[in-house]
Amino acid sequence: MNKPRHHLLSVLVENKAGVLARVASLFARRGYNIFSLAVAPTDDARFSRISIVVDVESSPLEQVIAQLDKLINVVQISELHPAEAREAELLLVTVSVDADRRAQVIQLAGVFGASVIDVGIDALTVMLAGQPTALDDFENVIASYGIVELQRTGRVALPRLGASRGTSVAGLSAVAN
Amino acid sequence: MQLTGAQALVKSLETQGVEVMFGLPGGAILPVYDPIIDSSIRHILARHEQGAGHMAEGYAHVTGRPGVAIVTSGPGATNIVTSLCDAYMDSIPIVVITGQVATAAIGTDAFQEADITGITMGVTKHNWLVTNAADIPRIVAEAFHVATTGRPGPVLVDVPKDVSLQMMEWYWPDSLDMPGYRPPSKPEPALIADAAELILAARRPVIYAGGGVIKSSGSPALARLAELTGIPVVTTLMARGALPDSHPLCLGMPGMHGNYTAVTAMQQADLLIALGSRFDDRVTGKVSAFAPHAKVIHVDIDKAEIGKVRRPEVGIVADARLATEALISALEPRTVTGELRSDRLEDWMGQLRRWQERFPLAYDSPAESEASGASGRLPLLKPQFVIETLRASTPDDTILVSGVGQHQMWASQHWRFEHPNSWVNSGGLGTMGFSVPAAIGAKVGRPDAMVWAVDGDGCFQMTAQELVTASAERIPVKVAILNNAYLGMVRQWQHMFYEERYSEVYLSADLPDYVGWAESMGCVGLKVETPEEVGPAIEKANQIDDRPVVIDFRTDSMEQVYPMVPAGASNDDIVVHPSQASRLAAS
């Protein structure tokens, strides 16, 4: 089995001004590539969670984690293996459609469990939330209809229930609160 | 007690035990300078903010306590970025306070506005923008904690002018809430046990001591470990003095301009015990060819250093002193079993001694230079001779400070370091102009010790104005300029690698007039041109204790730093002094 090129790091940070800039500037100056990044506050307003998909061909993952852990505002870093995590991502796509193809696109969206969230004279905007691989498949299929614009959020993830709570690779095993 | 933010800032620094700060006022920091008048903290007025930063570094280098600098917003803040980066590369604890434009003006391109927290994100261990005067005591406490614990480093606290003027109720935090900051300290016992086994099995081991030994006050432990195991020690540029040069197990400096024995011992080693060192490119040369037979034990307090350059067999994230002491405890019982018998390294030590005899540090006497075809030139001073004479003429505990370039390498090679914290230089960043301000900071931190700066003429011209600070503040530092009229190290590379095409490296020995310049800055200025004058001039300088002294030593511009490992080459391809080259071919 090939080693995966991308790794998902779930990074718990203090919810303070400038923390995202610190993380992003660390990646930039150390030459690490970010494949995708999503950030939002957690249920505890003191902390935010940054989900970073790292391109590990640019440098060894352990070095990325060790450098990230040196940031004072980074509280905990977990590496989430796909097999032990529930990953999700959101996709919005605007597709150009004429009268003939409008029904086809709506039907296709239904097959993937996507919903139509905007309807124009010659275009539809469709939203799909789900596993990143499902989004990849949908994107490939819908591309043939002519994509006007497409936006994905980058993936977020939590450990699978019943699996270990992710691999805490740096920081506290649990945040005291 | 109600205080302004500015008063709270000064009181916080006093509470932290700050005795001295180096700075230069300006608009945005004005409110903070007012309570400084009434403070117990001595303020030393630098002539340039970079100077203030290097003074804080010099102070921290020799005292082990954090240096403090305070400057204004905009250009004041950007001028100190070089000092921050220097301190970041060499893990020097300094706390820099910057003024900032008022909160409402931030982001408007206001007069003297610079996004200094953004600019310094990559060259500080952490930085803070204060948005509320009530946060000041907590942030100052956090800043000192971060600067001085774990791997030490620079921090910056940016204080907008309106925050300095806000009122707040004074407090001092009982504890710090920093859930993301957990500096390691003690080594993992299982890893110490693994390391001990590697040490016992090794037959060609070398201890590779770095700056972390000095920063952790680990020198006594290092000496004990070396003596217990009989293992020789190389001391990197940042660790000169960590083990006395006079110690029989001290091999001196490794690396690009290290001595043959230190470099080659690492290349031939079967075990490297890296203590607080980071496998810097100036030490390893070509990494893939570095110490090819060696297993590696790597102790560093920064986890990110373990495996960054070289993957160790045993990586220990810990304070260098604590790890060294743990190794001693693990190994001491093994003396009873005979596993640490002193003769087990006999062959290795014999080899090292033969290298030391065949390839000592060498330079031509002036007479030899002339005999080898350079006749017609004035008999110029050899820079190495000046340093050796300086060492012989100064007290054992003299603090030596250097800039960056050839003179720095000669200083590190030819000085005899006997104590930790007695050598102050810019290792990682290689900041020309470091020595004069750093020497001033060192003398402020250690007024009891004699402080000599060995500087190059190129370096001296970058920050010499701080001698005005030294004269005004009665800080009697002494500066030996090795004046070879060139940017010498650049010239050396052009000599060796650019077919002697000397592009933009000539500076002139007489422009500026160093003696006149020194005198104009309130120093005693002396000029030395012959070997006979060297000793008397140094003696004269040593007698002067009420003002700075500058000696302009006219040195030979043809002199190169040997040995040298060319950049990117393997350490096996070390170039020794020409007089030893035939021995190298024969060995």
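**Exercise 1. Helix H22 of chain B**

Task: In this predicted model, find which residues of H22(B) are buried, and find what covers them.

Solution:
1. Locate the helix. H22 of chain B spans residues 488-497.
2. List its buried residues. They are B:Gly488, B:Met489, B:Arg491, B:Gln492 and B:Gln494.
3. Look at the cover. It includes helix H18 (406-414) of chain B.
4. Step past the end of the helix. Just after H22(B), B:Glu499 has a positive phi of about 55°.

**Exercise 2. One residue of that helix**

Task: Decide whether B:Gln492 is buried or exposed, and name the residues it touches.

Solution:
1. Place the residue. B:Gln492 sits in H22 of chain B.
2. Apply the cut-off. Buried means under 20% relative accessible area. B:Gln492 has 0% relative accessibility, so it counts as buried.
3. Set aside residues up to four places away in sequence. B:Gln492 then touches B:His257, B:Gln406, B:Gln560, B:Val561 and B:Met564.

**Exercise 3. A helix pair**

Task: Describe how H9(B) and H14(B) pack, and state the hand of their crossing.

Solution:
1. Recall what is needed. Two packed helices are described by the angle between their axes and the distance between the axes.
2. Give both values. H9 (residues 189-201) and H14 (residues 320-331) of chain B pack at about 65°, and their axes are 9 Å apart.
3. Add the hand. The crossing of H9(B) and H14(B) is right-handed.
4. Name the contact residues. H9(B) brings B:Ile192, B:Ala195, B:Ala196, B:Ile199 and B:Leu200, while H14(B) brings B:Ala323, B:Ala326, B:Leu327, B:Ala330 and B:Leu331.
5. Sort them by class. Ten are nonpolar, none is polar and none is charged.

**Exercise 4. Nonpolar cores**

Task: Find how many residues the largest nonpolar core has, then trace the contacts of B:Leu222.

Solution:
1. Start from a general tendency. In soluble globular proteins, nonpolar side chains tend to be buried together.
2. Take the count. The largest nonpolar core has 65 residues.
3. Pick out its best-connected members. B:Ile207, B:Leu222, B:Leu272 and B:Ile297 have the most contacts inside this core.
4. Follow B:Leu222, leaving aside neighbours within four places in sequence. Its contacts are B:Ile207, B:Ala209, B:Val213, B:Val233, B:Ala242, B:Leu243, B:Leu275 and B:Thr324.
5. Look elsewhere. Another core, of 50 residues, lies apart from the largest one. Its members include B:Cys85, B:Ile399, B:Phe434 and B:Val550.

**Exercise 5. Domains of chain A**

Task: State where the domains of chain A lie and how many residues join them in contact.

Solution:
1. Read the assignment. Domain 1 covers 6-85 + 159-171, and domain 2 covers 86-156.
2. Give the spacing. The C-alpha centres of domain 1 and domain 2 of chain A are 28 Å apart.
3. Give the contact. Ten residues of domain 1 of chain A meet six residues of domain 2 of chain A.

Methods:
Residues numbered from 1 in each chain as written. Chains lettered and ligands numbered in written order. Predicted model: local features only at pLDDT ≥ 70, side-chain atom pairs only at ≥ 80, totals over all residues. Heavy atoms only, no water. Axes fitted to C-alpha atoms, helices over the stretch in contact; angles between N-to-C directions. Helix = DSSP H or I, 4+ residues; strand = E, 2+ residues; numbered from the N terminus. Left-handed = near helix turned anticlockwise from the far one by under 90°. Contact = heavy atoms within 4.5 Å. Nonpolar A, V, L, I, M, F, W, Y, C, P; charged D, E, K, R; others polar. Core = buried A, V, L, I, M, F, W, Y, C linked by side-chain atoms within 4.5 Å. Buried < 20%, exposed > 50% of the residue type's maximum accessible area, 1.4 Å probe, protein only. Domains from an automatic or database assignment.
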